[in-house]
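Ready for some practice? Grab a pencil, look through the model, and try each exercise before reading its solution.

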Amino acid sequence: MIGVRARAALLSAFIFLLSMVVWHMAVHGGGAGGPALDPEYAKLMGVQMAGAKSAMPGPLDVGAKLVEHLRHPFYNNGPNDKGLGLQLLYSIGRVALGYTLALAAALPLGFLIGMSELAYKALDPFIQILKPVSPLAWMPLALYTIKDSGLSAIFVIFICSVWPMLINTAFGVASVRKEWLNVARTLEVGPWRRAITVILPAAAPTILTGMRISVGIAWLVIVAAEMLVGGTGIGYFVWNEWNNLSISNVIVAILMIGLIGMILDQMLARCQRAVTFPE
Amino acid sequence: MAMFDNPFDGSRRLRSGCACGKHDSQAAHDAAARVSRMDDEARYREITTSAVMRALFPDDVQRRGFLKAVGASTAAAAISTFFPIATATEVFAQTGKPEKTDLKIGFIPITCATPIIMAHPLGFYSKQGLNVEVVKTAGWAVIRDKTINKEYDAAHMLAAMPLAISLGLGSNPIPFAVAAIENINGQAITLAVKHKDKTDPKSWKGMKFAIPFDYSMHNYLLRYYLAEHGIDPDTDVQLRSVPPPEMVANLRADNIDGFLAPDNIAQRAVYDGVGFIHSLSKQMWDGHPCCAFAASKEFISEAPNTYAALLRAIVDATGYASKAENRKSIAEAIAPAAYINAPVTVLEQALVGTYADGLGNIKNDPVRLDFDPFPWESFAVWMLTQMKRWGQIKGDVDYAKVAQQVFLATDAAKVMKEMGLTPPATSTKTFSVMGKAFDPAKPEEYVGSFAIRRS
């Protein structure tokens with residue numbers, strides 16, 4: 001008898017194959033037919049009009065495009081045409097920068113809010129109002145004030161990833177068990193030492209949950225932000241190929257965005273497991 | 001082109017036409033042909049020498065007499081002994097070393113930007129000693145902000161944008177300038193295929209149309225067209241700002257019923273079988289401006305030599321693009337992903353002018369899109385009247401003054417002259433839009449003459 005894991009893998013493979021076949025059939029059934037065109041006129045038209053091909057690419061077209069991109073992931077034809085790998089690196093770089101800044105801001109502030117009831121009550125209304133704002137709504141304001149599109153994109157990443165980290169840090173810090181704090185107090189541990197040796201390890205799992213949520217959001221937002229400001233990055237790639245109505249390239253980009261998102265999430269999940277402790 | 005007559009040629013005939021009909025005489029024709037074969041240095045030297053010769057002997061008959069008496073080469077040698085022709089040539093050719101050679105220019109991927117884009121792969125910038133990076137940009141608002149923020153040194157803008165920016169419409173007032181017009185004509189009203197029976201604009205009530213930007217010729221032309229057919233563009237239809245490259249995707253998704261957009265976008269809608277070309281913009285106003293090569297006044301005053309070199313590159317590229325025989329190779333040069341990112345056949349249909357209309361007909365119009373760099377101040381005045389008409393400008397505006405400050409006709413004329421082209425002698429002209437005459441001297445009366453207006 002094979003284990004659940006192996007059976008799940010088999011089922012996944014089956015679902016994948018089935019969806020590919022359905023996709024293939026759907027695409028090839030669709031575009032056929034239509035009135036025959038004058039050959040001179042047909043020459044001026046796209047494939048889906050001239051031939052019997054659907055506008056939607058099939059899995060084979062996408063596969064071919066994917067192989068093409070993977071073969072030269074880092075080519076660089078000037079500022080407007082770079083390889084998929086380079087574009088992804090640009091996006092990852094932006095996310096890393098914005099995210100690190102957000103982390104640097106959210107951790108100390110979260111500690112402050114979690115440790116002091118006064119700070120919590122005073123800052124709560126601001127957090128509650130700013131948290132639900134879509135990060136892209138900040139874009140025009142950022143472009144106008146920062147006056148630099150690259151920095152604006154990083155700012156948008158910062159602003160979207162700061163809230164989950166801030167709130168989770170505050171929550172984690174506030175809900176450290178009272179007994180542990182009391183023990184620390186009995187032993188006359190100073191506030192700095194208490195924060196680092198008692199509260200930080202105790203709140204670490206919650207903080208990492210916040211970080212994991214943030215990185216997910218940051219990765220979602222970077223694509224949209226880059227579609228807006230353009231220039232470089234995977235979001236720009238999607239936009240550029242959308243303009244060209246090259247759906248196979250867009251699908252390849254979607255696959256890549258999903259893959260990188262998963263890797264980022266798994267990295268933080270691993271960190272989270274490392275700091276989790278049994279109660 | 002009298003500019004390139006050889007004043008040392010004593011046997012030049014004074015009157016009569018040439019083979020191609022563009023020049024006063026066969027000699028002028030030959031001179032122009034000879035000049036086009038020369039490299040820049042030789043050409044500049046020649047222009048300088050002829051200017052000196054003409055200055056010394058302003059009277060044609062006297063000059064001829066002198067030349068006949070001593071011979072052309074002796075005359076040149078004699079003059080160069082007391083006049084430093086070499087230095088003068090240098091001064092003329094290098095209107096000064098560019099203050100800045102690494103430049104960034106933003107563009108929107110449409111055929112209107114052809115001169116700006118093709119100047120990169122075809123080397124028009126490097127010929128002027130400039131290292132220009134042309135950067136594709138997502139939309140007009142972004143290109144405006146990036147140019148205002150100095151991320152771009154200069155940019156491809158809709159001809160009305162520098163007017164709007166200078167007047168502070170939709171942004172802080174910052175003095176901007178149109179250094180040169182890019183293209184004339186080259187836009188089309190495109191409708192979704194499902195509307196193929198609704199060719200009469202009167203039946204367009206309730207439709208949604210896309211325009212590239214609020215401050216665009218497209219907006220003003222579409223509004224004008226609708227209003228002339230009794231449709232109020234503000235209440236009877238919906239007009240939406242959509243970046244041109246996204247229009248076809250929106251038309252396919254049924255978000256809009258049609259658009260007035262650059263020819264390559266219209267042609268792409270036809271190519272993909274989602275739209276048909278209803279009419280070309282040149283049917284409304286033949287020779288209307290569309291996009292511009294724009295820069296801030298600050299850039300122009302801080303780096304005048306760079307600006308002059310850029311303008312030379314653009315004027316040169318525009319001249320090259322206006323020739324029908326170059327269009328096919330230009331389409332190939334600007335089609336790759338780094339530039340417009342579109343199938344070559346789509347660009348070729350827009351640039352060469354043999355195109356499918358989306359209803360099964362092949363049409364041919366070699367100047368459906370054309371290029372002419374001269375920024376007529378009258379164009380600016382017309383746009384200002386439309387801004388006023390549709391309520392974008394509230395209150396009074398000094399049409400002539402704004403037009404003169406933003407549309408740098410004098411600079412363009414100077415550069416065109418340097419390049420050996422003949423710029424128009426004036427900077428204003430009259431024209432007619434959909435059969436209605438426009439006189440740039442009477443803008444207020446013009447605004448007042450429309451039945452449908454907001455002011």
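Before we start: helices and strands here are DSSP runs, numbered from the N terminus. Also keep in mind that this is a predicted model.

**Exercise 1.** Find the order of the strands in the open five-stranded sheet of chain B, and work out which strands stand at its edges.

*Solution.* Step one: trace the sheet across, and you get 2-1-3-11-4, with mixed pairing. Step two: look for strands with a single partner. Those are strand 2 (131–136) and strand 4 (176–181) of chain B, so each has one side without a neighbour in the sheet. Step three: check the twist, which averages 30 degrees from one strand to the next.

**Exercise 2.** Describe how strand 1 and strand 3 of chain B are joined.

*Solution.* Strand 1 (residues 102–107) and strand 3 (residues 154–158) of chain B run parallel, with two bridges between them. Now pick out B:Ile105: across from it, in strand 3 of chain B, sits B:Ala154.

**Exercise 3.** Which strands of chain B does helix 14 lie across?

*Solution.* Start from residues 304–321 of chain B, which form helix 14. This helix lies across strand 3, strand 4 and strand 11 (291–296) of chain B. Its angle to strand 4 of chain B is about 35 degrees.

**Exercise 4.** How many residues does each chain give to the contact between chain A and chain B?

*Solution.* Chain B gives 30 residues and chain A gives 28. On the chain B side, the elements giving two or more residues include strand 2 and helix 8 (140–148). Sorted by class, that side has 16 nonpolar, seven polar and seven charged residues.

Note on methods
Residues numbered from 1 in each chain as written. Chains lettered and ligands numbered in written order. Predicted model: local features only at pLDDT ≥ 70, side-chain atom pairs only at ≥ 80, totals over all residues. Pairing = 2+ DSSP bridges. Helix = DSSP H or I, 4+ residues; strand = E, 2+ residues; numbered from the N terminus. Axes fitted to C-alpha atoms, helices over the stretch in contact; angles between N-to-C directions. Contact = placed C-beta atoms within 7 Å. Nonpolar A, V, L, I, M, F, W, Y, C, P; charged D, E, K, R; others polar.
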